Amino acid sequence: MTISLAIAKERILEMYQKVDTNSKYYGRLLNWHSLGVWHYGIGISNNLIFDTASLALFDRVDLDIRLVPNVQNFSPSETVDRLCAAILCFHNWDYGLLGWNCEHLARLVATDKAISYEVKKLPFPIPQLNHDGWHPQASKLLKEYRESHPDWFAEMLF
């Protein structure tokens, strides 16, 4: 989903106001199944998830939320910091189920690998036509964004 830079900043500030660093979900890669599809996001508190499809917080009401095991490369606080930088970096990217989806972004933030295993396991030739589930530039672009905006939070306030 594409959002304006102003909306991206508002959502980051909202997230920081509601974060619970004591939550078992805080800064963790999460997934849930709804309407026949797997969705991905980053936990903010026991009840709030940052949905990397809509680029917004939502309340997990009655969802069976799961921690994605054994993949996280960053601490929870570092993951949330990466999430915020990614929101600013990719706020205007078009969402697409095959090329840039919630799993690509959530995994990029938590693991530094922009991959969608949901795309990867689709029948031939869909994965092969979509970089085998990988986004070829996202990791490099996020790294470059973070290097060129080391004080992104202070910049965001002005």
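## Spaces and helix packing in a predicted model

Met1, Thr52, Ala53, Leu55, Phe90, Trp93, Tyr95, Trp100, Asn101 and Leu105 line the largest cavity. The structure is a predicted model. The space inside this cavity comes to about 50 Å³. The count of cavities of 30 Å³ or more is one. Its lining has eight nonpolar residues, two polar ones and no charged ones.

How is such a space found? A probe the size of a water molecule is rolled over the atoms, and this shows where empty space is left.

**An unusual lining residue**

Leu55 is one of the residues that line the largest cavity. Leu55 is not a glycine, yet its phi is positive, at about 55 degrees. Most residues other than glycine have a negative phi, and most peptide bonds are trans. Where does Leu55 sit? Its place is the loop between β3 (48–51) and β4 (56–59).

A second backbone feature involves a proline. The peptide bond that joins Phe124 and Pro125 is cis, with omega at about 5 degrees. Pro125 lies in the loop between α4 and α5 (138–148).

**The largest pocket**

Now to the pocket. The largest pocket has a volume of about 230 Å³. Its lining holds 13 residues, and the closest to the centre are Val37, Trp38, Leu97, Asn101 and Glu118. Three elements give two or more residues to this lining: β2 (37–43), α3 (102–111) and α4 (117–120). Which element gives the most to the lining? β2 does, with three residues. By class, the pocket lining has eight nonpolar, three polar and two charged residues.

Asn101 links the two spaces in this account. It is among the residues closest to the centre of the largest pocket, and it is also one of the residues that line the largest cavity.

**How α2 packs**

Helix α2 spans residues 76–90. It packs with α1, α3 and α5, as the table shows.

| Helix pair | Crossing angle | Axis distance |
|---|---|---|
| α1 and α2 | roughly 165 degrees | within 9 Å |
| α2 and α3 | roughly 135 degrees | within 8 Å |
| α2 and α5 | about 100 degrees | 10 Å |

Start with α1, which covers residues 5–18. Its axis and that of α2 cross at roughly 165 degrees. Angles over 145 degrees count as roughly antiparallel, so α1 and α2 are roughly antiparallel to each other. The crossing is right-handed. On the α1 side, the contact uses Leu5, Ala8, Lys9, Ile12, Met15 and Tyr16. They meet Val80, Asp81, Leu83, Cys84, Ile87 and Leu88 in α2. This contact has 10 nonpolar residues, no polar ones and two charged ones.

Next comes α3. The axes of α2 and α3 cross at roughly 135 degrees. That angle makes α2 oblique to α3. This crossing is right-handed too. Thr79, Arg82, Leu83, Ala86 and Phe90 in α2 meet Leu105, Leu108, Val109 and Ala110 in α3. Seven of the contact residues are nonpolar, one is polar and one is charged. Phe90 and Leu105 also appear in the lining of the largest cavity.

Last is α5. It packs against α2 at an angle of about 100 degrees. That makes α2 roughly perpendicular to α5. From α2, the contact takes in Asp81, Arg82, Ala85, Ala86, Leu88, Cys89 and Phe90. From α5, the partners are Ala138, Leu141, Leu142, Tyr145 and Arg146. The classes here are nine nonpolar, no polar and three charged.

Some α2 residues serve more than one contact. Leu83 meets α1 and is also in the contact with α3. Phe90 meets α3 and is also in the contact with α5.

Technical notes. Residues are numbered from 1 along each chain as its sequence is written. This is a predicted model: local features need pLDDT of at least 70, side-chain atom pairs count only at pLDDT 80 or more; totals for chains, interfaces and linings use all residues. Side-chain values use heavy atoms; hydrogens and water are left out. On a 1 Å grid over the protein atoms alone, a cavity is a set of points where a 1.4 Å probe fits but cannot get out, and a pocket is an open set with protein on both sides within 12 Å along at least five of seven lines; lining residues have an atom within 4 Å of a point. Grid points are joined across faces, edges and corners, and a volume is the space filled by probe spheres set on the points. Helices (H or I, at least four residues) and strands (E, at least two) are DSSP runs, numbered from the N terminus. Ala, Val, Leu, Ile, Met, Phe, Trp, Tyr, Cys and Pro count as nonpolar, Asp, Glu, Lys and Arg as charged, and the others, Gly among them, as polar. Axes are lines fitted to C-alpha atoms, for helices over the stretch in contact, and angles run from 0 to 180 degrees between N-to-C directions. Angles under 35 degrees count as roughly parallel, over 145 as roughly antiparallel, 65 to 115 as roughly perpendicular and the rest as oblique. A crossing is left-handed if the near helix is turned anticlockwise from the far one by less than a right angle, and right-handed if clockwise. Contact means heavy atoms within 4.5 Å.
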